[in-house]
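The following exercises are to be worked with the sequence and the model at hand. Each task is followed by a solution in steps.

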Amino acid sequence: MAKRVLLGFGLGITYAVFILLVPHDTPRLVGLETDLTLMYINGAAAIDNMFSGHWSPGQPQLLWPDINPFKAHGIGYPMALWIFSWLFADPVPAWSFFSAAKLVSILAGVGVIVLAFVWLGRRPGVIAAVSCAVSPLFFELSDSGCTDLFVAALLLWAAFCLFRGRFLVGGSLFALALISRYEYVTLLPFAII
């Protein structure tokens with residue numbers, strides 16, 4: 001098992017380095033990053049304002065006041081961006097949140113690759129990891145800062161933990177996935193079973 005985990009980490013880190021070598025200087029306002037730029041960074045900034053004392057009780061201080069990020073998908077992903085943004089001090093407003101989103105996406109991609117080895121075994125893990133690594137959609141989701149791969153990784157790890165009898169960890173990961181994307185509440189019966 002330890003060798004499988006190390007092999008998974010090795011391939012996952014290799015994949016992460018490859019993604020980091022691909023230039024991605026600015027967030028795009030179209031395509032997959034629309035939610036990132038209009039909602040999640042907005043939510044992370046609101047959380048930051050709340051903890052820095054710039055919060056007004058009736059109205060949160062949002063970057064784009066006409067878009068409330070917490071009504072669409074929840075607080076999970078903006079909270080993750082806010083926490084990971086501590087690693088990136090940047091004078092450009094909200095740029096640390098964009099950098100955090102890239103890191104979270106890369107970590108989610110690595111997490112899926114590692115899980116392929118841990119759950120499936122060595123040979124199927126290699127096939128699954130290579131299939132993910134050469135998939136244009138998996139690459140885009142590992143690089144774009146969206147919630148899709150973040151929530152998919154949380155759900156996969158939650159399922160793994162639940163199948164292994166680690167109910168507290170699995171339930172916590174599932175709960176984090178739910179407060180990151182509300183629509184996955186449809187999977188709640190499977191988690192209960």
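**Exercise 1. Accessibility and an aromatic pair of F18**

Task: Establish whether F18 is buried, partly exposed or exposed, and describe its ring pair with F139.

Solution. The model is a predicted one. F18 has a relative accessible area of 45%. Buried requires under 20% and exposed over 50%, so F18 is partly exposed. For comparison, take another aromatic residue of helix 1: Y15 has 5% relative accessibility and therefore counts as buried. The ring centres of F18 and F139 lie 5.9 Å apart, and the planes of the two rings are at 55 degrees, so this pair is tilted. F18 belongs to helix 1 and F139 to helix 7, so the pair connects parts that are 121 residues apart in sequence.

**Exercise 2. A second link to helix 7**

Task: Determine how the rings of Y15 and F138 are arranged and where in the chain the two residues lie.

Solution. A search of the whole structure yields 9 aromatic pairs. In the pair of Y15 and F138, the ring centres are 5.6 Å apart and the planes stand at 40 degrees; the pair is therefore tilted. Y15 is in helix 1 and F138 is in helix 7 (residues 136-143), with their positions 123 residues apart in the count along the chain. F138, at 9% relative accessibility, counts as buried.

**Exercise 3. Helix 1 against helix 5**

Task: Classify the packing of helix 1 and helix 5 by direction and handedness, and describe the residues in contact.

Solution. Two packed helices are described by the angle between their axes and the distance between the axes. The axes of helix 1 (residues 2-21) and helix 5 (residues 95-120) come within 8 Å and cross at roughly 155 degrees. Since angles over 145 degrees count as roughly antiparallel, helix 1 is roughly antiparallel to helix 5. Their crossing is right-handed. On the side of helix 1 the contact residues include L7, L11, Y15 and I19, and on the side of helix 5 they include I106, V110, I113 and F117. By class, this contact holds 14 nonpolar, 2 polar and 1 charged residues.

**Exercise 4. Helix 5 against helix 8**

Task: Apply the same steps to helix 5 and helix 8, and name the aromatic cluster to which W119 belongs.

Solution. Helix 5 and helix 8 (residues 147-163) pack with their axes 8 Å apart, at an angle of about 30 degrees. Helix 5 and helix 8 are therefore roughly parallel, and their crossing is left-handed. Among the residues that meet are A108, V112, L115 and W119 of helix 5, with A153, L156, W157 and F160 of helix 8. The contact divides into 15 nonpolar, 3 polar and no charged residues. W119 is joined with W157, F160 and F163 in a cluster linked by ring pairs.

**Exercise 5. Helix 4 and the chain as a whole**

Task: Identify the buried residues of helix 4 and the helices they pack against, then summarise the chain.

Solution. In helix 4 (residues 76-84), G76, Y77, P78, A80, L81 and W82 are buried. These buried residues pack against helix 2 (34-52), helix 3 (69-72), helix 5, helix 8 and helix 9 (167-178). The chain has 10 helices and 0 strands. Of its 193 residues, 41% count as buried. Among contacts with a separation of 6 or more, 69% come from residues 24 or more positions apart.

Methods:
Residues numbered from 1 in each chain as written. Predicted model: local features only at pLDDT ≥ 70, side-chain atom pairs only at ≥ 80, totals over all residues. Heavy atoms only, no water. Axes fitted to C-alpha atoms, helices over the stretch in contact; angles between N-to-C directions. Helix = DSSP H or I, 4+ residues; strand = E, 2+ residues; numbered from the N terminus. Parallel < 35°, antiparallel > 145°, perpendicular 65-115°, else oblique. Left-handed = near helix turned anticlockwise from the far one by under 90°. Contact = heavy atoms within 4.5 Å. Nonpolar A, V, L, I, M, F, W, Y, C, P; charged D, E, K, R; others polar. Phe/Tyr/Trp six-rings, centres within 6.5 Å; stacked < 30°, edge-to-face > 60°. Buried < 20%, exposed > 50% of the residue type's maximum accessible area, 1.4 Å probe, protein only.
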